[in-house]
Amino acid sequence: MKNYFKILFVLLTVNAFTACSDDDEALDSQKPTIVMSEPEDGEAFEIGGELHFDIDLSDNEGLASYKVDIHNNFDGHTHSVVKQEAEEPWSFQQTFQIDGNPRTFEAHEHIQIPAGIAEGEYHLGVIVVDAAGNQEEAFVEIVLGHEGDHDHDDHDHDHDH
């Protein structure tokens, strides 16, 4: 009878260790992926207008959420000192839940750009989190306002003379 209990104890112990190692191997450690179709890097948008983006998200197990983060990329160099002092840079953050933890998800969002914000270069980032908590991010630079257009207009004007 003692041998029976010893054998049972050994089998249960081995089984417990095996179950733990199987669980460790089953953990999802793969990051999700992001393919950002729009906006393109360097794309310009009107202040007071609408910014839209298209992203394709995927994961080997399941997606949980994604966050959109827009913040300025000002480095102290400005073309219009008066505007920079009078208008505040824009900042936007919003998290979107993905119901049902699908393996793929296409996000198409429209975000209103407030009037009266500072023109300039901004970063638009997408941070995606899968059901296991793994995270990936992608950023593009966008331009809000007409900073890029002023240089182009001056260049065209020089050719007219």
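These exercises walk through the structure shown above, each with a worked solution.

This is a predicted model, in which local features need pLDDT of at least 70, side-chain atom pairs count only at pLDDT 80 or more, and totals for chains, interfaces and linings use all residues. Residues are numbered from 1 along each chain as its sequence is written, and side-chain values use heavy atoms, with hydrogens and water left out.

**Exercise 1. Lay out the elements of the protein from the N terminus on.**

Step 1. Take the elements by type. The protein has three helices and eight strands. Helices (H or I, at least four residues) and strands (E, at least two) are DSSP runs, numbered from the N terminus.

Step 2. Put them in order. The run is α-β-β-β-β-α-β-β-β-β-α.

Step 3. Look at burial across the chain. Of the 161 residues, 28% count as buried. Buried means under 20% relative accessible area, exposed over 50%, and partly exposed in between (1.4 Å probe, protein chains only).

Step 4. Turn to contacts, meaning heavy atoms within 4.5 Å. Among those between residues at least 6 apart in sequence, 75% join residues at least 24 apart.

**Exercise 2. Describe the largest nonpolar core and find which elements give two or more residues to it.**

Step 1. Fix the term. A nonpolar core is a set of buried Ala, Val, Leu, Ile, Met, Phe, Trp, Tyr and Cys residues joined through side-chain atoms within 4.5 Å.

Step 2. Describe the core. The largest one has 27 residues, and Tyr-66, Ile-70 and Trp-90 have the most contacts inside it.

Step 3. Name the elements. Those that give two or more residues are β1 (33–38), β3 (50–58), β4 (63–72), β5 (92–97), β6 (104–112), β7 (120–130) and β8 (135–144).

Step 4. Add the background. In soluble globular proteins, nonpolar side chains tend to be buried together.

**Exercise 3. Classify the aromatic pairs Tyr-66 with Phe-96 and Phe-74 with Tyr-122.**

Step 1. Set the cut-offs. Rings of Phe, Tyr and Trp (its six-membered ring) pair if their centres lie within 6.5 Å; planes under 30 degrees apart count as stacked, over 60 as edge-to-face and the rest as tilted. A search of the whole structure finds four aromatic pairs.

Step 2. Take Tyr-66 and Phe-96. Their centres are 4.9 Å apart, with 15 degrees between the planes, and the pair is stacked. Tyr-66 lies in strand β4 and Phe-96 in strand β5, so the pair ties together parts that are 30 residues apart in sequence.

Step 3. Check exposure. Tyr-66 is buried at 2% relative accessible area, and Phe-96 is buried at 15%.

Step 4. Take Phe-74 and Tyr-122. The centres are 5.4 Å apart and the planes are at 75 degrees, so this pair is edge-to-face. Phe-74 lies in the loop between β4 and α2 (81–86) and Tyr-122 in strand β7, so parts 48 residues apart in sequence are tied together.

Step 5. Check exposure again. Phe-74 is partly exposed at 26%, whereas Tyr-122 is buried at 0%.

Step 6. Look for a cluster. Tyr-66, Phe-96 and Phe-105 form one.

**Exercise 4. Work out the surroundings of Asp-28 and Asp-54, which are buried yet have no salt bridge.**

Step 1. Fix the terms. A salt bridge is a side-chain nitrogen of Lys or Arg within 4 Å of a carboxyl oxygen of Asp or Glu. Lys and Arg count as positive and Asp and Glu as negative; His and the chain ends are not counted.

Step 2. Place Asp-28. This residue is in the loop between α1 and β1. Its nearest side chain of opposite charge, Arg-103, is 8.9 Å away.

Step 3. Find its polar partners. A side-chain polar atom of Asp-28 lies 3.0 Å from the backbone nitrogen of Gln-30. The side chain of Asp-28 also makes a polar contact with the side chain of Asn-60 (3.4 Å). A polar contact is a pair of N or O atoms within 3.5 Å; within protein, one must be able to donate a hydrogen and the other to accept it, and residues adjacent in sequence count only if both atoms are side-chain atoms.

Step 4. Place Asp-54. This residue is found in strand β3. Lys-67, its nearest side chain of opposite charge, is 21 Å away.

Step 5. List its contacts. Leaving aside neighbours within four places in sequence, Asp-54 touches residues including Val-35, Met-36 and His-108.

**Exercise 5. Locate the cis peptide bond and the positive phi of Asn-101.**

Step 1. The cis bond joins Glu-38 and Pro-39, with omega about 0 degrees. Pro-39 is in the loop between β1 and β2 (44–45).

Step 2. Asn-101 has a phi of about 50 degrees although it is not a glycine. Its place is in the loop between β5 and β6.
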